[in-house]
Amino acid sequence: MDRLKLPERLNRLGELAYNLWWSWHPEARALFRKLDYSLWNRVRHNPVKLLHEIAPEKLAAAAQDPAFRRQVDAVFKRFDEDLADQHTWFATHFPELVNTPMAYFSFEFGLHNSLPVYAGGLGILAGDHCKEASDLGLPLVGVGFMYPQGYFHQRLSPDGWQQAVYEQLNYDDVPVQRATGPDGRACVIRVPLNARDVCIAVWRVQVGRVPLYLMDTNIEDNEPWDRDLSARLYGGDQELRIQQEIVLGIGGVRILRALGIEPAVWHANEGHSAFMMVERIREFVEQGLSFQEATERIRATTIFTTHTPVPAGHDVFPFQLIEEHFSHYWPQLGLSREEFLALGAHHEPWGEGFNMTALALRLSGYRNGVSQLHGEVSRKMWRSVWPDVPDEERVPITSVTNGVHVPTWVAPEMDRLYDKYLGPDWVERHDDPALWERVLEIPDDELWAVHQQLKRKLMSFIRERARRQWIRGEVTPEQVLASGTLLDPEALTIGFARRFATYKRATLIFRDLERLKRILQDPWRPVQIIFAGKAHPADEPGQQLIHQVYALARDHGFGGQIAFVEDYDMHAARYFIQGVDVWLNTPRRPHEASGTSGQKAALNGIPHLSILDGWWAEGYNGANGWAIGGQPEETNSDPEVQDEIDAQALYRLLEEEVVPLYYTRDRDGVPRGWIQVVKEAIRTCAPRFSARRMVKEYTERMYAPAARACLQWRPSEQSG
Ligand SMILES: *Cc1c(COP(=O)(O)O)cnc(C)c1O
């Protein structure tokens with residue numbers, strides 16, 4: 001921040017650029033856009049980079065412009081009020097807990113594309129959680145990683161093979177600052193790793209009121225191989241992974257101690273951070289408690305959220321790796337080797353090893369899946385952790401359904417519409433279902449016009465991106481066409497954008513190509529599909545799927561009506577979930593634990609066309625979108641059979657319901673029946689699948705009782 005050279009009068013813009021608060025306040029975004037619109041687009045909405053690169057004359061002119069200065073003042077008035085607000089929801093409901101920090105650990109955080117330390121839904125959920133915690137006034141503190149190379153950028157070769165491009169992050173262009181301890185010095189801690197110590201530096205990211213601490217091993221005190229430990233998200237082998245998890249879990253606890261932060265509540269977002277629980281037990285044992293007593297204490301204050309039923313999504317480490325890294329450690333817990341290994345014991349379907357999810361389930365007192373259906377599936381899946389529990393319903397795993405941070409994901413154009421028809425305070429009240437009844441009062445033609453505008457914006461985003469790649473000579477003419485430049489803003493547009501994990505079945509819609517072609521190429525009622533998404537670099541089948549989709553995007557026979565847009569990230573996601581007509585989701589049930597992209601789409605008036613899995617199994621009401629195939633209990637045990645059933649159901653829905661409804665227009669060209677579905681999607685989904693509802697639920701059901709438990713024995717903890 002110190003390196004920014006800003007005119008006196010615009011001095012505080014630097015502070016704003018370094019607080020991600022700007023990203024979910026449209027009036028703050030507008031300031032940066034106004035400074036230099038074309039640069040704003042070139043730097044992909046990164047205000048830190050913008051302030052570095054902007055011409056000094058432009059800044060000087062803005063500083064002289066009274067209208068701009070008034071706007072700056074208004075933004076800072078709001079900013080200062082927000083950050084100092086003493087009457088937040090949390091302070092009003094839990095006044096006794098406002099000074100008890102709550103730690104939230106996650107391997108990834110998706111806050112904004114300018115800070116690329118996320119891969120997909122899990123990270124974006126963590127980012128949304130922090131933003132909402134800030135809005136509600138929770139004393140939350142995030143802990144994660146600063147990956148200098150982040151997650152990869154995706155390029156496709158002309159024949160459709162994914163290429164992973166890693167970019168070294170320039171820290172000057174990222175809204176991070178070195179975190180300092182109570183003594184004001186940069187904070188560096190040590191963590192023992194396999195007979196050596198690794199030093200960890202800490203960066204601070206400000207998310208409204210919520211600080212996020214990101215660990216980084218790329219410092220001079222470390223050996224070269226340790227400097228690369230935190231280079232990449234989800235890169236490397238199991239040895240690197242366990243070391244990253246030790247740094248996150250054990251290092252994370254030590255960082256908070258070094259920073260002088262004493263959390264009352266500890267939330268592990270997925271099993272990657274479960275060593276945090278072990279480290280807290282070690283601390284108590286060091287203070288004189290028995291392992292049993294220590295475990296009871298940490299359970300009472302630990303929340304664990306599991307995020308996937310897909311076996312590959314759970315870390316299982318070979319015993320040998322555990323021995324190498326923990327044989328010096330388990331004596332400090334007062335445990336034998338067998339006792340320690342038993343903490344990570346599990347049954348099918350993994351074979352031998354130390355299971356991080358089983359560890360987290362055993363050591364946390366509050367455990368949840370991320371939708372009702374996923375809760376059920378998790379109780380079944382993890383039953384063996386509680387051999388004495390008589391039946392599945394009583395396995396102690398509950399569910400808190402995911403939601404999305406509404407101010408982050410709502411399109412500015414929809415925001416203005418909601419301002420007008422729900423009231424200018426709609427954002428403050430957005431988890432109140434009664435508020436959303438007023439959506440029915442929005443005139444159909446006005447809603448339709450706003451949607452058309454967002455759709456054109458998506459298409460021009462796609463076109464401009466292709467144009468820039470073309471100018472730089474990065475793509476062949478065929479690739480320009482495959483990336484969506486032939487898309488027609490008048491045609492019904494289906495969006496499918498998410499990670500290319502095989503269970504998401506991106507190619508389900510291609511099972512019967514002739515039938516699909518008839519649907520897409522109806523001259524009176526054309527349909528087009530836009531795809532986007534990355535496959536993990538080690539996921540061969542996922543890359544095969546991308547290859548297949550790309551082959552059809554390049555296929556002359558489909559006439560450019562199937563598009564694949566490269567390098568899906570939060571920036572691209574905003575355009576997608578605001579600008580297509582219908583959001584397609586075809587996971588192999590029950591593998592989609594929740595899914596959140598459909599929630600973002602619904603908030604913007606884009607109905608969901610989805611298998612009844614994850615959040616949609618509880619979100620669908622018969623009128624707010626479409627359900628592909630049957631109820632969850634009707635799932636066939638043979639996936640091949642189920643694929644066929646689902647594909648047939650999808651074609652039938654498109655042919656008989658979705659396409660006809662979209663193209664049934666009245667005399668002024670407005671699809672009245674379609675708008676009914678749009679309004680119903682907004683009305684029912686926006687309040688319920690918001691991060692606000694979600695964070696309130698975590699707070700009331702878990703954080704508050706856990707914090708109270710902690711306050712009961714805090715004095716003794718602090719005397720130790
Ligand atoms: C919301 C989001 C996701 C999550 O999508 P799912 O529906 O959970 O598959 C993934 N990536 C990005 C960039 C997103 O914005």
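Trainee: How far is a polar side-chain atom of Lys600 from an oxygen atom of the ligand?

Mentor: The distance is 2.6 Å. Keep in mind that this is a predicted model.

Trainee: What about Lys504 and Thr596, how far are their polar atoms from a ligand oxygen?

Mentor: Lys504 puts a polar side-chain atom 2.7 Å from an oxygen atom of the ligand. With Thr596 the contact involves the backbone: one of its polar backbone atoms is 3.2 Å from a ligand oxygen.

Trainee: And how much of the ligand's accessible area does the protein cover?

Mentor: 94% of it. On its own, the ligand has 390 Å² of accessible area.

Trainee: Which elements give two or more residues to the shell around it?

Mentor: Three helices do: H8 (121-136), H25 and H26 (597-603).

Trainee: How many residues surround the ligand, and which are the closest?

Mentor: There are 14. The closest are Ile124, Lys504, Thr596, Ser597 and Lys600. By class, the shell has five nonpolar, five polar and four charged residues.

Trainee: Where does the ligand sit relative to the domains?

Mentor: Between domain 2 and domain 3, because both give residues to the shell. Domain 2 is made of 100-148, 176-402 and 696-717, while domain 3 runs over 406-689.

Trainee: New topic. How much space lies in the second largest pocket?

Mentor: About 840 Å³. Its lining has 34 residues. Asn41, His45, Lys457, His571 and Tyr575 lie nearest the centre of that pocket.

Trainee: Which helix gives the most to that lining?

Mentor: H21, with eight residues. That helix covers 444-471. Helices H2 (26-35), H3 (37-42), H19 (412-422) and H25 (570-579) each supply at least two residues as well.

Trainee: So H25 comes up again. What is the class make-up of the pocket lining?

Mentor: It has 13 charged, 12 nonpolar and nine polar residues. H25 does serve both sites: it supplies at least two residues to this pocket, and two or more to the ligand shell.

Trainee: You listed His45 by the pocket centre. What is its phi?

Mentor: Near 60 degrees. That is a positive value, in a residue other than glycine. His45 is in the loop between H3 and helix H4 (47-53).

Trainee: Which residues does the cis peptide bond join?

Mentor: Arg589 and Pro590, with omega about 0 degrees. Pro590 lies in the loop between strand S18 (582-585) and H26. H26 is one of the helices in the ligand shell.

Trainee: Now the cavities. How many of 30 Å³ or more does the structure hold?

Mentor: Five. The largest cavity has about 70 Å³ of space.

Trainee: Which residues line the largest one?

Mentor: Met414, Leu447, Trp448, His451, Asp581, Asn604, Gly605, Trp674, Ile675 and Val678. H21 and helix H29 (672-688) each give two or more of these.

Trainee: How does that lining divide by class?

Mentor: Six nonpolar, three polar and one charged. H21 is shared here too: it gives residues to the largest cavity and eight to the second largest pocket.

Definitions and conventions: Residues are numbered from 1 along each chain as its sequence is written. This is a predicted model: local features need pLDDT of at least 70, side-chain atom pairs count only at pLDDT 80 or more; totals for chains, interfaces and linings use all residues. Side-chain values use heavy atoms; hydrogens and water are left out. On a 1 Å grid over the protein atoms alone, a cavity is a set of points where a 1.4 Å probe fits but cannot get out, and a pocket is an open set with protein on both sides within 12 Å along at least five of seven lines; lining residues have an atom within 4 Å of a point. Grid points are joined across faces, edges and corners, and a volume is the space filled by probe spheres set on the points. Helices (H or I, at least four residues) and strands (E, at least two) are DSSP runs, numbered from the N terminus. Ala, Val, Leu, Ile, Met, Phe, Trp, Tyr, Cys and Pro count as nonpolar, Asp, Glu, Lys and Arg as charged, and the others, Gly among them, as polar. A residue is near a molecule or strand if one of its heavy atoms lies within 4 Å of it. A polar contact is a pair of N or O atoms within 3.5 Å; within protein, one must be able to donate a hydrogen and the other to accept it, and residues adjacent in sequence count only if both atoms are side-chain atoms. Accessible areas come from the Shrake-Rupley method with a 1.4 Å probe; for residues, only the protein chains shown count as cover. Domain bounds come from an automatic or database domain assignment.
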